[in-house]
Amino acid sequence: MLPTTLRLPLRMLPQPDETTCGPTCLDAVYRYWGGDSKLAEVIDRTHRLKHGGTFAIFLACDALRQGYRATLY
């Protein structure tokens with residue numbers, strides 16, 4: 001029987017402000033897989049909305065540019 005939950009040993013850095021949760025999570029995934037980008041670089045590369053936040057498509061595009069696969073639901 002498969003486990004009902006799966007926990008990856010991700011190390012999340014504190015997000016710098018209240019609107020950078022997406023890039024901060026993406027940075028944790030990159031670091032989990034051996035990436036060496038800095039959080040500030042990930043934030044700079046992902047487009048921010050005028051009033052804060054990031055659309056998932058911008059996070060996926062950054063992942064694709066970094067050589068990862070991305071699936072949006």
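In the predicted model, helix H3 is followed by Gly67, a residue whose phi is positive, near 95°. Helix H3 itself spans residues 56-65, and its buried residues are Leu59, Ala60, Asp62 and Ala63. These residues cover an arc of only 160° around the axis, which puts them on the same side of H3. The buried residues of H3 pack against two other helices, H1 (21-32) and H2 (39-45).

One of the buried residues of H3, Asp62, takes part in salt bridges. The structure holds 4 salt bridges. Asp62 forms one of them with Arg45, and the closest N and O atoms of this pair are 2.7 Å apart. Distant parts of the chain are linked by the pair, since Arg45 belongs to helix H2 and Asp62 to helix H3, with their positions 17 residues apart in the numbering. The relative accessible area of Asp62 is 0%, and the residue is therefore buried, the limit being under 20%. Arg45, by contrast, is partly exposed, with a relative accessible area of 28%.

Asp62 also forms a salt bridge with Arg65, where the closest N and O atoms are 3.6 Å apart. Both Asp62 and Arg65 lie in helix H3, 3 residues apart, or about one turn of the helix. An α-helix has 3.6 residues a turn, so residues three or four places apart point the same way. Arg65 counts as exposed, at 55% relative accessibility. Arg45, Asp62 and Arg65 are thus linked in a network of salt bridges.

A further salt bridge is found in helix H1. The side chains of Asp27 and Arg31 meet there at 2.9 Å, N to O. Both residues lie in helix H1, 4 residues apart, which is about one turn of the helix. Asp27 is buried, with a relative accessible area of 0%, whereas Arg31 is partly exposed at 22%. Side chains of opposite charge can pair when their charged atoms come close.

Helix H1 also contains Cys21. This residue is partly exposed, with a relative accessible area of 44%. Cys21 and Gly53 are 32 residues apart in sequence, yet their C-alpha atoms are 7.6 Å apart in space. Thr20 lies in the segment before H1 and is buried, with a relative accessible area of 1%. When residues up to four places away in sequence are not counted, Thr20 touches Gln15, Ile43 and Arg48.

Aromatic side chains were considered next. A search of the whole structure finds 3 aromatic pairs. In one of them, the rings of Tyr32 and Trp33 have their centres 5.0 Å apart and their planes at 90°, so the pair is edge-to-face, the threshold for this class being over 60 degrees. Tyr32 is partly exposed, with a relative accessible area of 32%, while Trp33 is exposed, with a value of 60%. Another pair is made by Phe55 and Phe58, whose ring centres are 6.0 Å apart. The planes of Phe55 and Phe58 stand at 40°, so the pair is tilted. Both members are partly exposed: the relative accessible area is 48% for Phe55 and 25% for Phe58.

Trp33 is placed in the loop between H1 and H2. Together with Leu6, Leu8, Leu10, Val29 and Tyr32, Trp33 makes a nonpolar surface patch of about 620 Å². The edge-to-face pair of Tyr32 and Trp33 is therefore formed by two residues that also belong to this patch.

Notes:
Residues numbered from 1 in each chain as written. Predicted model: local features only at pLDDT ≥ 70, side-chain atom pairs only at ≥ 80, totals over all residues. Heavy atoms only, no water. Phe/Tyr/Trp six-rings, centres within 6.5 Å; stacked < 30°, edge-to-face > 60°. Buried < 20%, exposed > 50% of the residue type's maximum accessible area, 1.4 Å probe, protein only. Arc of directions from axis to C-beta. Contact = heavy atoms within 4.5 Å. Patch = residues over 30% accessible without salt bridge, like charges linked within 9 Å, V, L, I, M, F, W, Y side chains within 5 Å. Areas by Shrake-Rupley, 256 points an atom, 1.4 Å probe, with all protein chains shown as cover.
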